[in-house]
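Hi there,

Here's the structure I said I'd pass on, so open it up and keep it beside this email while you read. My notes on what turned up come right after it.

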Amino acid sequence: MTTNVDLPPAGAAPPSTEEVGGRRPPREKGDFGVLNVFSHGFLIVWGVLVAFPLLWMVFTSLKTDKEIFTSPWTLPSKPQFTNYVRAWDNAGIGRYFTNTLIVVIGGVLLTLLLSSMVAYVLARYTFPGSRIVYYLFIIGLAFPIFLAIVPLFFVAKNFGMTNSLPGLIVIYAAYSLPFSVFFLTAFFRTLPNQLAEAAFIDGCGHWGAFFRVMLPLAKPGLVSIGIFNVLGQWNQYLLPVVLETDPHKYMLAQGLANLAVSSGYKSDWSGLFAGLTISMLPVLVVYALFQRQVQAGMTAGALK
Amino acid sequence: MRQGRYPFIISMLLVPFVLYVVFVLSPYAQAFYISLTDWSGYTAAKTFVGMSNYSKLIHDSVFWTSVKHNLIAVVAVPVVTIALALFFATMLNVGGRKGKAAIQGVRGSAFYKVIFFFPYILSIAVVGVLWSFVYDSTDNGLINGFLKSIGLGGPVDWLGDPSIAFWAILAVMVWVSVGFYVVLFTASMGSIPRELYEAVLLDGANRWSTFWRLTLPLMWDSLQVGIIYIGIQALDLFALVNTMSAAGGSGGPDNSTQVISNYLYQTGFKFGQFGYASAMGVALCILTLLLAGLTFRVTRRERLEF
C-alpha cells in the first residue's frame with residue numbers, strides 16, 4: 001500500500017523568484033533599467049487607483065460630517081470613532097453584520113457537507129445513473145440565476161423561507177452546489193484508492209471510510225472551495241434583495257445599499273462610510289491571512 | 001466493498017439532490033412556463049397567454065435599451081479589462097528584463113498582485129455604494145474634489161448625466177475585475193518554461209514579438225476562459241446598476257443605465273408583473289448561452305502543447 005498522501009496544501013503557488021531568497025543570482029547592474037521603471041510606473045499608478053478610494057473611505061469614516069464637507073482632502077483632525085458606534089447601533093449595521101455572519105457560516109458549512117457527500121459518491125462509486133446525476137448538478141452552472149429568480153421567490157415563499165435566515169442558508173447552499181460538486185468531484189478522483197480500501201479491510205463501513213478517511217484527506221480541496229464560498233456568499237446581493245424584504249433580516253450589502261438610497265442617511269456620510277468600512281473589514285482580514293489561498297481558490301473557479 | 005453500497009449511495013445523494021431540484025432545477029424549469037402566463041404573482045390566477053409576453057418584449061423600447069447596454073458592456077468591459085490585465089501581468093512577469101537572456105518579474109510583484117486583487121473579493125454592492133460617493137456630483141466626491149483641486153472646471157454629474165452614467169458604472173466593473181485577471185494570467189504565464197523565452201531571446205526576438213508570438217499563444221486557454229468569464233459577469237451588472245444608478249437603482253437617469261437584470265428585477269419585484277419578468281429571464285438566458293457559445297467559437301485555436 002502506498003501512503004503517498006503528500007497532497008499540496010490548498011492554493012500552493014509555485015515559488016516565485018522573490019522567495020528563493022539566498023539562491024537568487026546576484027542582481028547585475030542595469031536591472032533597474034528603462035523597462036523596470038516603465039513597468040513599475042504603470043503598476044504603481046494602478047495600485048494607487050485601486051487603493052485610493054478604499055483609503056479615502058477609511059479616512060472619511062473617521063471625520064465629522066462638517067469636516068467631510070469643508071475639507072474633504074485632509075486627514076481627520078481627530079478620529080471620530082463615534083461614527084462607528086452610530087453606524088453599528090443606530091443604522092442597523094450591527095444587526096446586518098450578525099445576520100450575514102450567521103447565514104454565511106451556516107451556508108458554507110451546509111455547502112461543504114452536501115457537496116462533498118455528492119462529490120464523493122460521484123467520484124468513487126459506479127452506479128446506474130451516476131452520469132445523469134453529475135450532469136444534472138453541472139447544468140446549474142450554465143444558466144444565469146436571473147432565469148430562476150421569479151419562481152425561486154415563490155418556491156421559497158411556499159416553504160416559509162422568505163425573510164428567514166435558515167431559509168437563506170438552505171438556498172445559498174443549493175445555489176453553491178453546482179460549482180462545489182464540480183470542483184470536489186474532480187478533487188476526490190485524485191485521492192489514492194488504496195486508503196479507502198485499507199479502511200474497508202480494517203472494518204470501516206462506507207460511512208466510516210467517508211467521514212474518517214476520505215473527508216480528512218480532502219481537506220485541501222475543502223479549504224479552497226470553502227474560501228470560494230465564504231467570499232461568494234458574504235458578497236451575495238441578488239438573493240437577499242429578493243428573499244429578505246424585512247429590514248430585520250437584511251444582509252450587510254443589502255442593508256448598506258438601502259441606507260445609501262434612503263434619504264434620511266444620505267446626509268450622514270460619516271456614518272455610512274463607517275458602515276462601508278465595517279463591511280469590508282472581515283474580507284480584508286480573511287484576505288490578509290490567506291491571500292495565497294484566496295487568489296488560488298478564486299482563480300481555480302475560473303480555470304476548472 | 002459491495003455490501004450496503006446502494007443504501008449508502010442513496011442516503012448520501014438524497015438530501016442534496018432534493019434541495020437542488022426544489023430550489024435550483026425546478027425554478028429554472030418553471031421560469032419557462034411562467035413566462036407564458038400573465039401572472040401578477042400575488043394571486044393564484046395564472047392565465048396561459050402563449051407568446052404574448054414575448055411579443056410585448058419585442059415592442060418594449062426599455063427592454064431594447066437594456067439589451068443595447070448589455071451588449072455594450074459585454075464588449076467594452078472584457079476588452080478593457082483583459083487588455084489592462086494582460087499588460088500588467090506582462091509587466092509583473094517579464095517586466096524585470098534588461099536586454100539580456102534572463103527573464104524575470106519585477107521586484108515586489110507579489111505585493112502588486114495582493115493590492116490589485118483586493119477589490120475583486122469585496123461585495124460588489126458595497127463597491128457600488130462606495131463608488132456612488134466617489135462619483136458624487138458635488139465637490140465632496142473623490143473625483144470631482146480631485147478635479148477641482150487641480151483646477152479643472154466645475155463638478156461633473158457622473159451618475160446623473162445620461163451620456164456618462166453608464167460608462168461610469170462600467171469603469172467600476174473594470175476597476176473591480178482587473179486584479180483577478182492579472183492573477184489568472186500571471187499563473188498561466190508562470191507555467192511557460194523559461195527556456196522558451198531564453199531561446200527566442202537568443203534568436204533576437206524583441207519584447208513585442210515575444211509577447212505576440214510566444215506568450216499569448218501559449219496562454220490562449222486561460223485567455224479564452226477569462227474572456228468568457230468576464231463576459232458573463234458583464235451581462236449581469238445587477239448589483240452595480242442597482243446600487244449606483246439614479247433614484248435608488250431605477251436604471252436611470254432616463255433608463256440610460258438600465259440593463260436586463262435590473263429591468264427584470266423592477267418588473268417582477270417592484271411592479272408585480274411576474275410573467276413578463278420571467279420572459280426577460282428567458283431572454284437573458286438565451287443571450288448568455290449565445291454569447292458564451294459565440295466567444296468559444298471565435299476564440300477557438302489549436303491547442304499548443306509545451
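Let's begin with A:L238. If you skip residues up to four places away in sequence, A:L238 touches A:I145, A:F146, A:I149 and, over in the other chain, B:F238. You'll find A:L238 in helix α11 of chain A, which covers residues 238-243. A:L238 is buried, because its relative accessible area is 6% and the cut-off for buried is under 20%. Along the chain, A:L238 and A:F146 are 92 residues apart, yet their C-alpha atoms are separated by 8.7 Å. Please keep in mind that this is a predicted model, so every value here is computed from it.

Another residue to click on is A:T185, in helix α7 of chain A. Is A:T185 buried or exposed? It's buried, with a relative accessible area of 0%. Leaving out neighbours within four places in sequence, A:T185 is in contact with A:A119, A:L122, A:A123 and A:Y134. Of these contacts, A:Y134 is 51 residues away along the chain, and the C-alpha atoms of A:T185 and A:Y134 are 9.1 Å apart.

Now for the rings. Over all chains, the structure holds 53 aromatic pairs. Take A:F179 and A:F183 as one example: their ring centres are 6.1 Å apart and their planes meet at 45°, so this pair counts as tilted. Both residues sit in helix α7 of chain A (residues 165-189), four residues apart, which is about one turn of the helix. A:F179 and A:F183 are both buried.

Some ring pairs join up into a cluster with members in both chains. From chain A it takes in A:F146, A:F153, A:F154 and A:Y237, and from chain B it has B:W39, B:F238, B:Y265, B:F269 and B:F274. You've met two of those names already, since A:F146 and B:F238 are among the residues that A:L238 touches.

Charges turn up over rings as well. The charged end of B:R5 sits over the ring of B:Y6, 5.4 Å from the ring centre. B:K56 does something similar over the face of B:Y276, at 4.0 Å from the centre of that ring.

Next, the place where the chains meet. How many residues does the contact take from chain B and from chain A? The answer is 100 residues from chain B and 100 residues from chain A. The area buried between them is about 9200 Å², and carbon and sulfur atoms give 79% of it. B:F23, B:Y28 and B:F133 supply 9% of the area that chain B buries against chain A, more than any other three residues. Helix α1 of chain B (residues 5-34) makes up the largest share of chain B's side, with 23 residues. Between the two chains there are zero salt bridges, but 14 residue pairs are in polar contact across the interface.

Last, a couple of backbone oddities. Most residues other than glycine have a negative phi. B:L237, though, has a positive phi of about 60°. B:L237 is in the loop between α10 (220-236) and α11 (238-244) of chain B, and is buried at 4% relative accessible area. B:N255 also has a positive phi, near 60°, and is not a glycine either. B:N255 lies in the loop between α12 (246-249) and α13 (260-270) of chain B, and counts as partly exposed at 24% relative accessibility.

Have fun looking around!

Key: Residues numbered from 1 in each chain as written. Chains lettered and ligands numbered in written order. Predicted model: local features only at pLDDT ≥ 70, side-chain atom pairs only at ≥ 80, totals over all residues. Heavy atoms only, no water. Phe/Tyr/Trp six-rings, centres within 6.5 Å; stacked < 30°, edge-to-face > 60°. Helix = DSSP H or I, 4+ residues; strand = E, 2+ residues; numbered from the N terminus. Buried < 20%, exposed > 50% of the residue type's maximum accessible area, 1.4 Å probe, protein only. Lys NZ or Arg CZ within 6 Å of the ring centre and 35° of its normal. Contact = heavy atoms within 4.5 Å. Buried area = accessible area lost by both parts, 1.4 Å probe. Salt bridge = Lys/Arg side-chain N within 4 Å of Asp/Glu carboxyl O. Polar contact = N/O pair within 3.5 Å; in protein donor to acceptor, adjacent residues only side chain to side chain.
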